[in-house]
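Subject: Structure handover

Hello,

Here is the structure we talked about. Please open it first, then read the notes below.

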Amino acid sequence: MSEDKTTIKVTIDNITIDVAPGTTILNAARQIGGDVTPPAMCYYSKLEGSGGKCRTCLVEVAAGSTADPRPMPKLVASCRTNVMDGMIVKNITSEKVTDARNGVVEFLLLNHPLDCPICDQAGECHLQDLGYEHGKEGTRYQFARRTFKKEDIGPYIQLHMTRCILCYRCTYVADQITQKRVHGVVDRGDHAAISTYISKAIDNDFSGNMIDVCPVGALTDKTFRFKNRVWFTKPVDAHRNCETPGCCGKATLWLRGDEVFRVTARKDQWGEVQSFDGKPGWICNTCRFDKKQTSDWVVEGLTSISRHSVIGANKYKTLDMPKETVKEVMHGVEPKLLMDIHSISEVNKPGIHLSEIDRPANSSDFKK
Ligand code: SF4
Ligand code: FES
C-alpha cells in the first residue's frame with residue numbers, strides 16, 4: 001500500500017534536498033540557495049499565476065523521477081515544473097542550460113535598449129545582471145527595434161515601454177493588490193505593450209508596488225527619476241505606523257545624508273518584497289511617495305544588501321578586517337611602530353604632534 005509522502009527528494013546540481021510535494025524546481029533550488037538557483041525574470045512568489053513567460057529559469061531534467069528515470073526531452077521552465085521524488089535536475093552543471101540561457105538573454109535584448117547609463121533601474125536591474133552573465137558583446141539583430149509613443153500612465157509612475165520585457169508582473173500586482181486594474185498588455189506579438197488606454201489612469205493607493213516588481217526599468221518612480229544613482233544612496237530599514245489597510249508600514253529609505261531620495265518596499269535575496277507575519281510586505285503610495293522626511297519614519301538600521309549587487313558596494317553592516325600578520329613575522333613589533341614617521345621625521349619639533357595641536361601649525365612648531 002502506498003503511503004502519502006510528506007517530503008520528496010530532488011537533486012539539483014548534485015545537491016540533494018527534501019522538499020514538500022508540489023514544490024516547483026525553482027523553489028526547491030531557492031531552498032538550496034546560491035548559484036544553484038536559476039534566475040527568474042517573470043516568476044514572483046508573492047503573485048499568484050506569475051511565471052512561465054520569460055524562460056530565463058530553464059533547467060535540464062536529467063531524470064524525471066525514481067519511478068520513471070527517463071530524462072525530459074526538452075529543457076523545462078523551473079518556475080512552472082513541480083519536482084517528483086528522485087528527480088535529478090541540472091542548472092549550472094548543464095551546458096545545454098547555459099547555452100539556452102544565453103539565447104534567452106539574446107532574445108530579451110533584441111528590443112530592450114542598452115540605456116543603462118541613463119536608466120534609473122541601473123544597479124538593481126535583473127536584466128542588467130543577466131546581460132553581464134550571459135550577454136554577448138554585440139547583437140545579431142538587423143531590424144529596427146520596437147518604438148512606442150510616449151504614454152503618461154499617471155502622476156507617480158513613468159512607463160518606458162521600450163524597456164518592458166512583458167513579464168506581466170505589474171498586471172498581477174494591479175489585479176491582486178489594488179481594487180481595480182486599469183492597465184494591461186494590449187495587442188499581440190511584436191505590438192504587445194503595457195498600456196492604460198486612458199492616459200494618467202493609474203492612481204490607486206497601491207500602484208507604486210508595480211515599480212517594485214518590475215524587473216527592469218520599464219516602470220520607474222517619477223519622484224526619484226534622475227535624482228541619484230542607487231549605488232550612491234544609503235538604504236536603511238525603517239517603519240511607520242501606517243493606517244492604510246493592507247500597508248505593512250515597513251520600508252527601505254534610500255538616503256543621501258539626511259535626505260530621503262526614495263522609499264521602496266523591503267526586498268529579499270531574490271529581489272521580491274519581504275514577507276512579514278506570512279504576508280507580503282506591500283506598501284501604500286502615501287508611505288512611498290509622500291513620506292520623504294526621516295522624521296516621518298523610525299529608522300531601524302542599515303539594510304542588508306546582497307554583496308553581488310553594485311548597490312551593496314560600501315554598505316556592509318560589518319567589516320571583516322583581514323588578519324594582521326606583520327606583528328607575527330616581525331617578532332612582535334607593532335606595525336604602527338614601523339610606520340611611525342613622527343619620531344624619525346626631521347620636519348616638526350620632536351615634542352610636537354601636528355595632528356594633536358588644537359590650532360593651526362605655525363613656524364614655532366617646525367625645526368629651523
Ligand atoms: S512594465 Fe515591467 S513589470 Fe510590467 S510587464 Fe513590463 S517588464 Fe513586466
Ligand atoms: S521565471 Fe520561469 S519563465 Fe520566467
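Helices (H or I, at least four residues) and strands (E, at least two) are DSSP runs, numbered from the N terminus. By that scheme, phenylalanine 276 belongs to strand β13 (residues 275-276).

Some ground rules. This is a predicted model, in which local features need pLDDT of at least 70 and side-chain atom pairs count only at pLDDT 80 or more, while totals for chains, interfaces and linings use all residues. Residues are numbered from 1 along each chain as its sequence is written, chains are lettered from A and ligands numbered from 1 in the order in which they are written, and side-chain values use heavy atoms, with hydrogens and water left out.

**Single residues**

Burial comes in three grades: buried is under 20% relative accessible area, exposed is over 50%, and partly exposed is in between (1.4 Å probe, protein chains only).

Phenylalanine 276 has 17% relative accessibility, so it counts as buried. Its C-alpha atom is separated by 21 Å from that of alanine 28, 248 residues apart along the chain.

Leucine 109 is in helix α2. It is buried too, at 19% relative accessibility. From its C-alpha atom to that of threonine 7, 102 residues apart along the chain, the separation is 39 Å.

Glutamate 356 lies in the segment after α9 (341-344). With a relative accessible area of 62%, glutamate 356 is exposed. Its C-alpha atom and that of arginine 70 are separated by 76 Å, and the two residues are 286 residues apart along the chain.

**Backbone**

Most residues other than glycine have a negative phi. Two residues to check here follow.

- Arginine 55 is not a glycine, yet its phi is positive, near 70°. It is in the loop between α1 and β3. Its relative accessible area is 38%, so it is partly exposed.
- Aspartate 187 has a positive phi of about 65°, and it is not a glycine either. It sits in the loop between β7 (184-186) and β8 (193-195). At 47% relative accessibility, it is partly exposed.

**Aromatic pairs**

Rings of Phe, Tyr and Trp (its six-membered ring) pair if their centres lie within 6.5 Å; planes under 30 degrees apart count as stacked, over 60 as edge-to-face and the rest as tilted. The count is four aromatic pairs.

Why does the pair of tyrosine 44 and tryptophan 282 count as stacked? The ring centres are 6.3 Å apart and the planes are at 15°, so the pair is stacked. It links distant parts of the chain, 238 residues apart. Tyrosine 44 is in the loop between α1 (25-32) and β3 (58-63). Tryptophan 282 is in the loop between β14 (279-280) and α6 (285-290). Both partners are buried: tyrosine 44 at 1% relative accessibility, tryptophan 282 with a relative accessible area of 7%.

**Cavities and ligand 1**

The search ran on a 1 Å grid over the protein atoms alone. A cavity is a set of points where a 1.4 Å probe fits but cannot get out; a pocket is an open set with protein on both sides within 12 Å along at least five of seven lines; lining residues have an atom within 4 Å of a point. Grid points are joined across faces, edges and corners, and a volume is the space filled by probe spheres set on the points.

Two cavities of 30 Å³ or more turn up in the whole structure. The largest cavity holds about 90 Å³. It has 14 lining residues; closest to its centre are Cys164, Cys170, Ile194, Cys214 and Ala218. For residue classes, Ala, Val, Leu, Ile, Met, Phe, Trp, Tyr, Cys and Pro count as nonpolar, Asp, Glu, Lys and Arg as charged, and the others, Gly among them, as polar. The lining of the largest cavity has 14 nonpolar, no polar and no charged residues.

Ligand 1 sits in the largest cavity (more than half of its atoms lie within 2 Å of the grid points). Residues around ligand 1 (a heavy atom within 4 Å) include Ile165, Tyr168 and Val216. That shell has 11 nonpolar, no polar and no charged residues.

The second largest cavity has a volume of about 30 Å³. Tyr44 is one of its lining residues, and Arg30, His126 and Glu272 are among the others. Its lining has four nonpolar, two polar and three charged residues.

**Second largest pocket**

The second largest pocket contains about 490 Å³ of space. It is lined by 27 residues, and the closest to its centre are Leu109, Leu114, Gly131, Gly135 and Lys136. Helices α2 (95-111) and α3 (126-134) each give two or more residues to the lining. By class, the lining has 11 nonpolar, 10 polar and six charged residues.

Best wishes
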